[in-house]
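Q: I'm new to this one and would like a close look at how its strands and helices fit together. Could you start with one strand and work outward from there?

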Amino acid sequence: MDHYSDIKKGFSAEPELAGRRVTVAGLGRTGLAMVDFLLGKGALVTATDAQTADKFGPEVTGLADRGVTLELGGHGEEAFAGADLIVLSPGVPATIGPLRRAMEKGVPVTGEIELASRFVRAPIAAVTGTNGKTTTTSLLGEILRRAGRRVFVGGNIGNPLIGHVRDEDEADVVVIEVSSFQLETAVTLKPRVAVLLNVTPDHLDRYAGFDAYTEAKARVFARQDGSDTAVMNYDDPVVRALAVPARRRNFSRLAALEEGAFLRDGRIILMENGRMAAELPLEDLKLVGAHNQENVMAALLAARALGVDPETACRAAADFQGLAHRVEFVAEIGGVRYYDDSKGTNVGAVIKSLEGFDSPVILIAGGRDKAGDFTALAPLVREKVKLLILLGEAKDKIAEALSGETETALAGDMAEAVSLARSRAAEGDVVLLSPACASFDMFRDYGHRGRVFAGLVKGEAV
């Protein structure tokens, strides 16, 4: 990505920040943690955000009292052009005009993960992929804790890495979920273990195309060498085709591997040096679905690369309960099982979710489109979905893309969608919320959407 070619200009391995003019773009949770860190390092901080002051609480507006120059309601030229360094929050694209013009003048630009990683002394395990990142990151962290390691788990998962650095927490291993947005600015990030779970079309409203999105994901391996480990999905043709400099450890649901992890006769098999190191029966897992089998295999391989005993790793994986809004069981009512997969915000995630069910599915989908190719859902919708209920901004687009594949109904809101699902579901059916879209047309975030769904299913006020 050529607009990051000179990011390293002006940095040492652990950059000196005292007295430097640093602009932080974006004042979400990550941006606020970055401001705190920079102030602690003696930097002269300017903070900008496209949202106006009335959208923020005192945590942001009070930054002025701490000596921060605040620029809300837009990103001005001077805030960027006059900086010695610009730090981007993940949600701020590098293509906005003032930022591009500052970069053309030689102002270095970095991101939170990249800058924070320069201050981390513990080994880093970085997990990325279109789907499954949060589950795999959380599971890997739990396996390491069970092995007696002091672990920081964060990054895109919601706990900024810069906060760990700011607070000078002690850790034996740092496990971070990293998004494509965060990897865009990763230049010196060198994970001891890097995991790439899958790459399917997503965020194409931000990227020039699928190749650009794939390139961003692949940056997680860019600084690795032969002493590091790359954990990769052998079944994903995009991932499989990538060349990496690290030791490659593959996982597969479909192929037997001489090295890595694969499925055989209802068990996950760990192979090392041509011999079986451990096995984990799928029936022992509390996580459900084919996608979670992949997540477990990836976490086991990453844990082994970090020196965790294979039996300890398998026991921890078997005990792991999973995360909210990721094919989360909500209730069984009248023989109908309801699942909340509100985190399924792209087409690839919905495919993985549908693959995990053998029962007839009533699928609730829709929301804000992220330039997804909904026609990719057609084979599974035809095979597994008895009723497709659509809502949100993208409902007409999805309906057109899947016309004729199954019975389709349009709903005005989540309450109507759940009511329709309940009226049409028969004993043995599954009602699955897996939207294939972002939530921001109707909800604060995917978590809010999932809570509303679960509350309606259970008859609770949300």
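A: Start at Ile-124, which stands opposite Val-174 in β8. Ile-124 belongs to strand β6 (residues 124–128), and the names come from DSSP runs counted from the N terminus: helices are H or I of at least four residues, strands E of at least two. This is a predicted model, where local features need pLDDT of at least 70 and side-chain atom pairs count only at pLDDT 80 or more, while totals for chains, interfaces and linings use all residues. Residues are numbered from 1 along each chain as its sequence is written, and side-chain values use heavy atoms, with hydrogens and water left out.

Now, what flanks β6? Strand β8 (residues 173–177) runs parallel to β6, joined by four bridges; two strands count as paired if DSSP finds at least two bridges between them. Strand β9 (residues 193–196) is also parallel to β6 and joined to it by four bridges, with Val-127 matched to Val-195 in β9.

β6 is well covered, too: five of its five residues are buried, meaning under 20% relative accessible area, with over 50% called exposed and anything in between partly exposed (1.4 Å probe, protein chains only). Ile-124, Ala-126 and Thr-128 are buried on one side, and Ala-125 and Val-127 on the other.

Another buried residue is Ser-180, at 2% relative accessibility. Ser-180 sits in helix α8 (residues 180–184). Setting aside neighbours within four places in sequence, Ser-180 is in contact with His-203, Tyr-207, Tyr-213, Ala-216 and Lys-217, contact being heavy atoms within 4.5 Å.

Further along the chain there's an open sheet of six strands, ordered β15-β16-β20-β17-β18-β19, with mixed pairing. β15 (328–333) and β19 (407–410) are at the edges with a single partner strand each, so one side of each has no neighbour in the sheet. On average, neighbouring strands here are turned by 20° against each other, direction ignored. Inside this sheet, β16 (residues 336–340) and β20 (residues 430–433) pair in the parallel sense over four bridges, and Tyr-338 has Val-431 in β20 as its bridge partner.

Helices lean on this sheet as well. Helix α13 (residues 347–355) packs on it, touching β17 (361–365), β18 (385–390) and β20, and its direction makes about 165° with that of β17. These angles run from 0 to 180 degrees between N-to-C directions, using axes fitted to C-alpha atoms, for helices over the stretch in contact. Helix α16 (residues 414–424) lies across β16, β17, β18, β19 and β20, at about 170° to β17.

α16 has a helix partner as well: α17 (residues 446–458), packed at about 45° with the axes 10 Å apart. That makes the two oblique to each other; under 35 degrees would be roughly parallel, over 145 roughly antiparallel, 65 to 115 roughly perpendicular, and the rest is oblique. In this contact, Met-414, Ala-415, Val-418 and Arg-422 of α16 meet Arg-449, Val-452, Phe-453, Leu-456 and Val-457 of α17. By class, that gives seven nonpolar, no polar and two charged residues, where Ala, Val, Leu, Ile, Met, Phe, Trp, Tyr, Cys and Pro count as nonpolar, Asp, Glu, Lys and Arg as charged, and the others, Gly among them, as polar.
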